[in-house]
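I'm opening a fresh page for this one. I'll jot down what I look up as I go.

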Amino acid sequence: MKLTNKQKAKMKSMAQLLDAIVKIGDKGVTQTVISSMNEALKARELVKFSVAHSDRKIRKEMMAELAEATDAILVNIIGKTGLLFKINPDNPIISEELLK
């Protein structure tokens, strides 16, 4: 699924009110991180997360890896913080409004 710029902008504005609830440490994208993110995406659809690694290139790789592992869309990256979106058809918290 491809998001429009308008949809991305709406998600970014919604994310300003969110806290990063999943944190990726020095061990990188582990199965525990993937499980935690899947649970968060199922409950919220839009999840802000952070990566503790100091290298910018490695952080971006980790964020992309997490997006791929969870089958989610990487909406935005700002510094050490990323934003993932995944539609939950059983409980559409925000996707119903955004994808009209």
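Which helix does A9 lie in? I find A9 in helix α1, residues 5-15. My helices (H or I, at least four residues) and strands (E, at least two) are DSSP runs, numbered from the N terminus.

Before going on, I note that this is a predicted model: local features need pLDDT of at least 70, side-chain atom pairs count only at pLDDT 80 or more, and totals for chains, interfaces and linings use all residues. Residues are numbered from 1 along each chain as its sequence is written, and side-chain values use heavy atoms, with hydrogens and water left out.

**Entry: pairs far apart in sequence**

I looked up how open A9 is, and its relative accessibility of 42% makes it partly exposed. My cut-offs are under 20% relative accessible area for buried, over 50% for exposed and partly exposed in between, with a 1.4 Å probe and protein chains only.

Next I checked A9 against N76: they sit 67 residues apart along the chain, and their C-alpha atoms are separated by 9.5 Å. I then tried V75, which belongs to strand β3. V75 counts as buried because its relative accessibility is 7%. From V75 to Q7 I get 9.4 Å between C-alpha atoms, with their positions 68 residues apart along the chain.

I did the same for L83, in strand β4 (residues 81-85). L83 has a relative accessible area of 4%, so I put it down as buried. Its C-alpha atom is 11 Å from that of I21, and the two are 62 residues apart along the chain.

**Entry: the core**

How many residues does the largest nonpolar core have? I count 17, and those with the most contacts inside it are V22, I24, M37, F49, L66 and L84. At least two residues of this core come from each of β1 (22-24), α2, β2 and α3. The largest share is from α2, with 5 residues. By nonpolar core I mean a set of buried Ala, Val, Leu, Ile, Met, Phe, Trp, Tyr and Cys residues joined through side-chain atoms within 4.5 Å. A general reminder to myself: in soluble globular proteins, nonpolar side chains tend to be buried together.

**Entry: positive phi**

I went looking for positive phi values outside glycine. E45 has one, with phi near 75 degrees. I place E45 in the loop between α2 (31-44) and β2 (46-51). Is E45 buried or exposed? E45 is buried, because its relative accessibility is 0%.

D71 also has a positive phi, near 60 degrees, and is not a glycine either. I find D71 in the loop between α3 and β3 (73-78). D71 counts as exposed, because its relative accessibility is 63%.

**Entry: a charged patch**

Which residues form a negative surface patch? I get D55, E61, E65 and E68. Patch residues have over 30% relative accessible area and no salt bridge, and like charges are joined within 9 Å. A salt bridge here needs a side-chain nitrogen of Lys or Arg within 4 Å of a carboxyl oxygen of Asp or Glu.

E68 is in helix α3 (residues 56-70), and I note E68 as exposed because its relative accessible area is 69%. D55 is in the loop between β2 and α3. With 34% relative accessibility, D55 counts as partly exposed. Last lookup: D55 and N5 are 50 residues apart in sequence and 28 Å apart in space, C-alpha to C-alpha.

Technical notes. Patches are made of residues with over 30% relative accessible area and no salt bridge: like charges are joined within 9 Å, nonpolar side chains (Val, Leu, Ile, Met, Phe, Trp, Tyr) within 5 Å. Accessible areas come from the Shrake-Rupley method with a 1.4 Å probe; for residues, only the protein chains shown count as cover. Lys and Arg count as positive and Asp and Glu as negative; His and the chain ends are not counted. The place of a charge is taken as NZ of Lys, CZ of Arg, CG of Asp or CD of Glu.
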